[in-house]
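Colleague: I'm new to reading models like this one. Could you pick one helix, look at it closely, and then follow the chain out from there?

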Amino acid sequence: MDTSTSMAATGASLPIVTARLLLRRLVAEDAAAVTRLVNDYSVAGNLARVPFPYREQLAQEWIASAGAQIDSKDAYHLAITRDGALVGCIGLTLRRNALPEIGYWIGRKFWGQGLAREAAAALLDWAQTELGLVEVEADVLTDNLASQAVLRHLGFVESGSGVQQFLSRNRKMPVLMFRRVAEPPKPPAPKPVLLVVACALVDSDGRILLAQRPKGKQLEGLWEFPGGKLNDGETPEAALIRELREELSIETQESCLSPLFFASHAYEKFHLLMPLYICRKWQGRVTSAEGQALAWVRPEKLADYPMPPADVPLVALLRDFL
Ligand SMILES: Nc1nc2c([nH]c(=O)n2[C@H]2C[C@H](O)[C@@H](COP(=O)(O)OP(=O)(O)OP(=O)(O)O)O2)c(=O)[nH]1
């Protein structure tokens, strides 16, 4: 049976997968299991909209209408299954003049395992990300303490009380109303900004020096502009002069360094801010002092050298500049 639903059909993707459960569309074959579990007064008695005793014919009709409501985006009533077996149902109904309402039931023999809580938490997360629903309501029988505990655990707070007709009990019953406002998604943790200076060393033939990042370092094997991090209290120019000495055994002066462009790039753990200088004059012969492979590269060949993602925009700018 195909119980999946594409984004195109519903505007939201199903099924929903949790650690122990799968929440999926109900299918006609579920009618027998739904009937068996709901036709139990300890379950049906807590539900306002099901009669007791409960017959399979009603389950069949309800399953058909649940499918139609998903397709019309009016409600999302889903089977809660564990290891392929139906253990309960959960639903979210979108109401025209009221907040969306969540409701659920778990078959008696599956009580006490936190399944309602797990299913409801997943459906609420799904509703927030897929449907943009932030506020949700639930009505619970005043004496259904287990269900109230589930709601409270999920962040629902009591918002009122009333009476509601319970088909299963054939009379009006006192209910508590609960409301939950979802927390806004957490903004990503701020990353430290790492200042790194780098240099496009250009020789008399107009070629640019690239150095290959050594094995074992972040971005290993990629080609970069020589340079590095600033030491405490160092100016960018002093840091660059030092890095060129340490890495390439050359000497240069501040007057030979011109700022060209800068890279601003979010890596996973830090945000790189990297001014790129150009230098055409230095003393000494460029040699690899730290064992990095070096390459003098013509501007039009730069693309042949894979570089860190932060450098990609710089390479295009540099090619146009030279
Ligand atoms: N020098 C240089 N670093 C670059 C370029 N592009 C780029 O993303 N980076 C990144 C890689 C590193 O995370 C950081 C440079 O730091 P670094 O070279 O001083 O330090 P590192 O990662 O080699 O490690 P370490 O010396 O601190 O052990 O900037 C580039 O073109 N040149």
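Modeller: Sure, let's start with one helix and the loops beside it, then move on to another helix.

Before we dig in, this is a predicted model: local features need pLDDT of at least 70 and side-chain atom pairs count only at pLDDT 80 or more, while totals for chains, interfaces and linings use all residues. Residues are numbered from 1 along each chain as its sequence is written.

Our helix is H4, residues 56-71. The names come from DSSP runs, numbered from the N terminus: helices are H or I runs of at least four residues, and strands are E runs of at least two. H4 has 16 residues, and at 1.5 Å a residue they should span 22 Å (the expected span is 1.5 Å times one less than the number of residues). The C-alpha atoms at its ends are 23 Å apart, which agrees.

Now, which residues of H4 are buried? Those are Ala59, Trp62, Ile63, Ala66 and Ile70. They sit on the same side of H4, because they cover an arc of only 105° around the axis (the arc is taken from the directions from the helix axis to the C-beta atoms). An α-helix has 3.6 residues a turn, so residues three or four places apart point the same way. On the face turned away from the buried side of H4 you'll find the exposed residues Gln57, Glu61, Ala68 and Asp71. As for the cut-offs, a residue is buried with 20 or more other C-beta atoms within 10 Å of its own, exposed with 12 or fewer, and partly exposed in between, with the C-beta atoms placed from the backbone.

Have a look at the loops on either side, too. Proline 53 is in the loop between helix H3 (41-44) and H4, and the peptide bond leading to proline 53 from phenylalanine 52 is cis, with omega near 0°. After H4 comes lysine 73, in the loop between H4 and strand S3 (75-82). Lysine 73 isn't a glycine, yet its phi is positive, near 60°. Both are worth a second glance, because most residues other than glycine have a negative phi, and most peptide bonds are trans. Lysine 73 counts as partly exposed, because 13 other C-beta atoms lie within 10 Å.

Farther along, try the same reading on helix H6, residues 145-153. Here Ser147, Val150 and Leu151 are buried. They too share one side of H6, since their arc around the axis is only 95°. Leu145 and Ala146 are exposed, on the face of H6 turned away from the buried side. What do the buried residues of H6 pack against? Their partners are H5, strand S6 (135-141) and strand S8 (171-181), where contact means C-beta atoms, placed from the backbone, within 7 Å.

H5 itself covers residues 115-131 and holds aspartate 125, which is partly exposed because it has 13 other C-beta atoms within 10 Å. Aspartate 125 is 109 residues from isoleucine 16 in sequence, but their C-alpha atoms are 9.9 Å apart in space.

Just past H6 comes glycine 155, with a positive phi near 100°. Then, in the loop between strand S7 (157-166) and S8, there's asparagine 170. Its phi is positive as well, near 60°, though asparagine 170 is not a glycine. Asparagine 170 counts as exposed because it has 9 C-beta neighbours inside 10 Å.

Technical notes
Two residues are in contact if their C-beta atoms, placed from the backbone, lie within 7 Å.
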